[in-house]
Each structure stands twice: as structure tokens, then as C-alpha cells.
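I opened a fresh notebook page for this one. The plan is to go from the whole chain down to single residues, jotting as I look.

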Amino acid sequence: MPSLPRISLAATIALALVFPWSASAQSDPTSDTLRYRIDPIMVTATRGPRPVSLTPRPVTVIGESKINLLAPNTVSDLFRDIPGLEVSGVGVNQGRPSIRGQSGQRILLLQDGIRLNNTRRESDFGELPALVGIGGVERVEVVRGPASVLYGSDAIGGVINIISRTPHAEGFSGSGSYRFGDVEGQSQFAGRISGRSGRFSIIGGGSWRTADSYRAPSGTFGDITLTKDVLVQNSGVEDRNFDMRLGFDLDSDKSFFAKIEGYGADDAGFGSVAPEDYAPDEATVDILYPEQRFRKFTTGFTSRNLGSRLADQVELTAYSQTNDRQLELNLFAPFGPGTPPGAGVLVENRNTTDISTLGFRAEARKLVADRVLVTWGLDGFRDRAEGTDLVSSTVFGFGPPMVSSDDAPNIPTAEYLSLGAFVQTEFEVGDRLSFVTGARYQDISAETFTTAGLDNAPAQLNTGTAVAAVNAIYQLTGALSLVTSIGRGFRSPNLVESFFEGAVAEAGAYQVAATDLDSETSFNVDLGARFQQGRISLEGFWFKNRISNGIRASALNDASGAPLLIEGLPAYQNTNVDRLTYQGFELNGAVQVAEGLEAGGGFSKLDAANDLDPDSPVGEAFNSKVVGHLRYTTPGGRVTTQWDIRHSSEQKDTGLTGNPLGTTIPPFTVQNVRAAVRLFSGAGFTHRLNIAVTNLTDVLYAESANASFFRPEPKRNLTLSWEVAF
């Protein structure tokens, strides 16, 4: 594995190839005559101060006004009405994002440019956006499509960057709020304070929430019919978060900050409907996370106007975090006809994972000419993961229960080290055409250690990946821009995929460790256009993303060619076999119909295929989605109301053979109404009320990722939020 000095040298050589240092030019950071200015405001897709309309990537920015109107539980709730984005998971804290059919570890979750993903989660489960309290969020930036050049592994399908609030104006302000959700019995108290005095700034807050398991409405969804409202078990939670950030300006060009934050959740569940409510012969699966604890400390330093040959601005960030989680999985599978009543096997899995992370990001920007801006840097992190497992199986129906158990950890104690170097150049050709190009090299190594309860020899994994991207935007007219983006992304194999060895109860299989995996890679093309003039704004993109070396569990055979059995279970091992293609298009737009009245909508279509096995289904999102909204804001902004609608199409590419839902996921249409009202102000306090009625027509439906393991969405739900701000 390359050492840090070797990576630094590689980055310097790469920069030298991009431009001659002797050509560097000084810039006035306050001048409006330059398109690229060294400025603390950045956009995720390029890390530079570009407005979205001039960003050569498919980017969605969700600002403060929409966050206030939607009053989401977590940032995932903001994605349901955006073309190209979906949500998996149920309950007030378990929602995870999906971008263009990619989810889990193929989506990189960031907070202020620092990764939240960790390498001990299953590949189809990304980290929870709920780790970041919604009260401290200023905006959310989404890059639809790979962004590995700037951010490294896991950005193969897209990036979600949660941008935290920071105080700017002199003085102090604060707020307190209470939220009530009817169908899940949610009760949440929250408070925040923010202020600046001279060189010193402070911002912080926290919340405490309880929510019960919610009820889904009666109705029919595919072949499943619920004759009455049913409980979605293990869909509640008790959780809390806090954050505190202190900032200090050393002078007008240099600033320092330190931030501490945390999240804790108890009794958060995966969610499920009891089989007796819709399919009595099906296995019963209960998944619960009794406890999760997340703590993070971040410190950073920014220096502007350096005027050196290497950088005009430098940002240094270092962080440490711990992420500990407990899992309880109970699976009861009945033996079926011909066996005694109640005969079956109960599998109980108890797992703990403790992950500690140390990481850094060093980033510099240099304006080397009037129209050339270079961003370059290094980043890295080290995960150390430890865990315990206890799996017990109990067979019922044939005399006294027969019990067997195993407490050997499924993954040895392991460390995962990632180091990368990147460089990006933004430059203009004439007044209408601009490019953003970049490259990255990432080195990944992982190793296991002797672990109590295991007779294991240390194992290692080493892989290196290089990626590059070229993005361009051409202003055809003052209102119309054409956008092209071509690039590669990657995702390195994680600890679960490489080193997990043991029974997988929910899959009824045995997984064999795989220490020779390569990184998944993707080649992505986006072609699009943006139009913005007067009251009209429109955007459209066609994309094609091909993933090679996709990691998938493949069945193992013994010497005779028969399926290999280990501990009586069919054996599988992760291999680089998949070659998947995702392609489609996204349309989005809005028009100001009259003063204060906006109408908008969007449409997205997605097709996915396994190039090597066309009959193998890969659908992880609905084939198409139509969204629309009407929003009215009164003069002065005192009241904002909105009606929105979403229709998701039938999804046939699922492989649901034998599932009670049927062979396809059926379509659905869901509507919501919302209002945000500034009630009154007095004595320095302002009172605001948010009202939302979601699933207005009380329809039974499930998001695509939640349909095969049937977890329907809540019935009609009334949510009220009251905030007092000063």
C-alpha cells in the first residue's frame, strides 16, 4: 500500500501534468469579474462556488424553504418526489436513499463533505441519514450518478451531502419545537441555538423522539389483501441526537472549528407485517436493532488568500467517530404439510458491531489563470471493526425442542484502510463553454486479526483503483445550457463481503469468506439540458451507467459438481461476476403561474439489465415515476400551502416467484397536502405551525425496495409541528 508521502508525490506529479506552475496567476477573491472565485461556498458536484444552473452534472439541491415546508423526519423523506430518487426502509428513522436504482453501499452519504458510510455494513444497507439531526441541516445536495473523483469509494451510484447550518450574522437566535405524528404516535421535542460575536461563533441543538409502530391501511396491493388496518411491527423507535459546533476566526482569512455530535436509537426495527395478516404459511421474520450509538468529533481549519504557487485556499479536516450497533434477528420457518402442527425451526441471531473510525481530508484550490481553477487534495480513513455473534437454532414439533448454538464471530476483528489522491481542473473555453475534469487514485487495504472464538489465520485484502471524469456545459443561449458528463466510479469490497464466514439465517445459506475480490467499477454517461428564463425552469437528463465486476454471492459446488453444503446449508461466496446496465431519463420543471403560485412536476424512467444473464432480474426501483405539485405562498410569505402527487409504475423485473405479493410489484398513486404558517410575532418571538396530511387517500402501498419483504407505508397520517423562534 502506498504511504502518505507517495500519495502526496503522486498528486503533485498529476498537478504538474495539468498545468505549469510558472503560469500561476493571483486572483482577487472578492472580484465579480472572474467566474471562478476562491470562496467558502461550495457545490458538492465540483466543490467550487457554482450555481446549480452552471454545474455540468445532474445535481439536486434541496434548500431551507423546502425542508421547512416538508418537515421531514430525516433527509430521506425529502427524496420521494424527486425524479431519479427513491427511499428504502420504513419508520421514522430507517429511511435510506436510492439513486437511479442504486442503493446501500453504492450510494455515498456525506456530512459536510466527510463520509458517513462505514465498511462493516452489508452491501445492500447504507448508513442511516438519521445520524444527522434534521434540525441542524441547512441544505441537502444530491449528485445523481458517480462522483468518485472527488469522494472515492462508494460513490458509484451517486452522492448525498448533508450540509450543516453555520452562523453568519452577528447576534444570537434560537428555537424550540414540538412535533406530533398521529398514526405512529410520534412525539418529538427539539431545540437549537445559534450565534456569532466578533470572531467567535456557536451553533448547536438536539432532539428527543419517541414513535410507536405504525399501522398500514386495509386494501389490496398485488396479490396481498388486508381486510383491516394492520400493525407494521418493529417500525417504531426512541432516538435522540445532539450537536455543538464552535468556530473561531483567527483573522479575516483564517478560521478554525471544532464540532461534537451524536445519535442514539433504541428499539428501532426493520419493520414487518405478521404473516397471519396476509399469508399464514409464510416464514415469520423479525429484525430489531435494540441499540445504536454514534459519536463523532470533527475539527477543521481553513486558510484563504494564501497566494502561494500551490494554493490560494486550503481546507484541512480531521475526524474520529464510533458507531456501535446491536442486531436481533428471529426467523421461524414452518415445516409445512405432512409435519406435526407447529413444527418448524426458530433461528435466533444476536449480533453486535463496534466500529471506530479515524479520517482526514486535505483540500486545496488554486486559480492559476483567469479561467482555470484547480482543486486537489488527499483523503483517507481507517475503520477498526470488532463484533460478537450468537446464533441458536431450535427445532419444534418432534418431541422436546432440539437446540443448537454457535457463538463464533462471523467476521474476525479487522481493520480497513483507505488512502486517496485527487485532482480536478475547471476551465473555460470562450464565454460559453466550460469543462470540469478530474482524476483519482485510491488504495484500499484490509486485514483481519486473531479473534477470540475463532481459529482463524490473519487474512488480507489489497486493491487499487484509478478513475477519471470529464464534464462540460455549453450555454447555447442565455437561457438554455447543454450538459455532458462522462466518468468512472468505483466501490471497493467491504469487510462483510470479504471476510464474513458463517450462516446467514435470513437467507438460509452459508457464506464463505472471499479475500480476492476486486473493486466494482462503473462507466457513466449523462447528456442533458437546462432551460431557465423568467418564470420557467426545466431540466432533462438521459443517462447510462454500466457497472462491471459487480459483487454477487455465487453458489459453490463440491468436487462432484453437486451443490456444496456447509453445516447443512448451501454454500455461497462473493465473486466479481455481475455486469449491470442502468439507463433511463429524468425530466423536472416548474413554472410560476402567477404571483405566489407555482406548478411543477417531473418524470423519470429506469431500465436495468444484467448483461451476462438477461433473465436475472435486477430491478431495485420502479420503472417509472411521475410527480407533480401545486404550491401557493401568500404575499409576504406568511402562509405556504402545497398539494403533491406521486405515481409509481408497475415493476416487473423483480424475481418475486413464490412471493405472496405476486410476480410483480403493482403501481400506486399517493397524495399529500401541507401547510406552513407564520402565526404571530411578539416580544421577540415568532410562532410557526406546520401541518401535513400524508397518504391523503389512505391507499395501501409499499416502496419498491420494501415490497418483496412486505413492509407497507403508513395509513393516512396527520403531522403537526409547532416552533417558537427568537
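**Ground rule before pairing.** I count two strands as paired if DSSP finds at least two bridges between them. This is a predicted model, so I keep that in mind throughout.

**Entry 1: β8 and its partners.** With that rule in hand I looked up Arg179 and found that its bridge partner in β38 is Ser721. β8 and strand β38 (residues 717–725) run antiparallel and are joined by seven bridges. I then turned to β9: strand β8 (residues 171–181) pairs with strand β9 (residues 186–197) over eleven bridges, in the antiparallel sense. Gly181 stands opposite Gln186 in β9. The hairpin of β8 and β9 has four residues between the strands, and I noted that Gly185 takes a positive phi near 60 degrees there.

**Entry 2: a residue in β9.** Is Gln188 buried or exposed? I first placed Gln188 in strand β9. Its relative accessibility is 14%, and the cut-off for buried is under 20%, so Gln188 counts as buried. Leaving out residues up to four places away in sequence, I listed what Gln188 touches: Ser177, Tyr178, Arg179, Ser207, Trp208 and Arg209. Arg179 is thus on my page twice, as a contact of Gln188 and as the bridge partner of Ser721.

**Entry 3: a three-strand sheet.** Next I traced an open sheet of three strands in the order β11-β14-β17, with antiparallel pairing. Its edge strands, β11 (215–216) and β17 (272–273), each pair on one side only. Two bridges join β11 to strand β14 (residues 230–233). Across that pairing, Arg215 stands opposite Leu231 in β14.

**Entry 4: a five-strand sheet.** Which order do the strands take in the open sheet with mixed pairing? I read it as β1-β6-β7-β4-β5. The edges are β1 (59–62) and β5 (114–115), each pairing on one side only. Inside this sheet I looked up a parallel pair: strand β4 (residues 107–111) and strand β7 (residues 158–164) share five bridges. Leu110 stands opposite Asn161 in β7. A reminder to myself: strands of a sheet pair through backbone hydrogen bonds, either parallel or antiparallel.

**Entry 5: a helix residue.** I moved to Glu64, which lies in helix α2 (residues 64–70). Glu64 has a relative accessible area of 40%, so I put it down as partly exposed. Not counting residues up to four places away in sequence, Glu64 touches Glu138 and Arg165. I also checked a long span: the C-alpha atoms of Glu64 and Ala562 are separated by 59 Å, with the two positions 498 residues apart along the chain as the separation.

**Entry 6: the whole chain.** Stepping back, I counted four helices and 38 strands in the protein chain. The radius of gyration is 26 Å, close to the 27 Å that the globule rule gives for 726 residues, so the chain is as compact as a globular protein of that length. The C-alpha trace spans about 85 × 60 × 45 Å along its principal axes. Of the 726 residues, 52% count as buried. Among contacts with a separation of 6 or more, 67% come from residues 24 or more positions apart.

**Entry 7: surface and charge.** The protein chain exposes about 29400 Å², and carbon and sulfur atoms supply 57% of it. Last look: the 63 positive and 82 negative charges have mean positions 8 Å apart.

How values were computed
Residues numbered from 1 in each chain as written. Predicted model: local features only at pLDDT ≥ 70, side-chain atom pairs only at ≥ 80, totals over all residues. Heavy atoms only, no water. Rg over C-alpha atoms; globule rule 2.2 N^0.38 Å. Buried < 20%, exposed > 50% of the residue type's maximum accessible area, 1.4 Å probe, protein only. Contact = heavy atoms within 4.5 Å. Areas by Shrake-Rupley, 256 points an atom, 1.4 Å probe, with all protein chains shown as cover. Lys, Arg positive; Asp, Glu negative; His and termini not counted. Charge placed at Lys NZ, Arg CZ, Asp CG, Glu CD.
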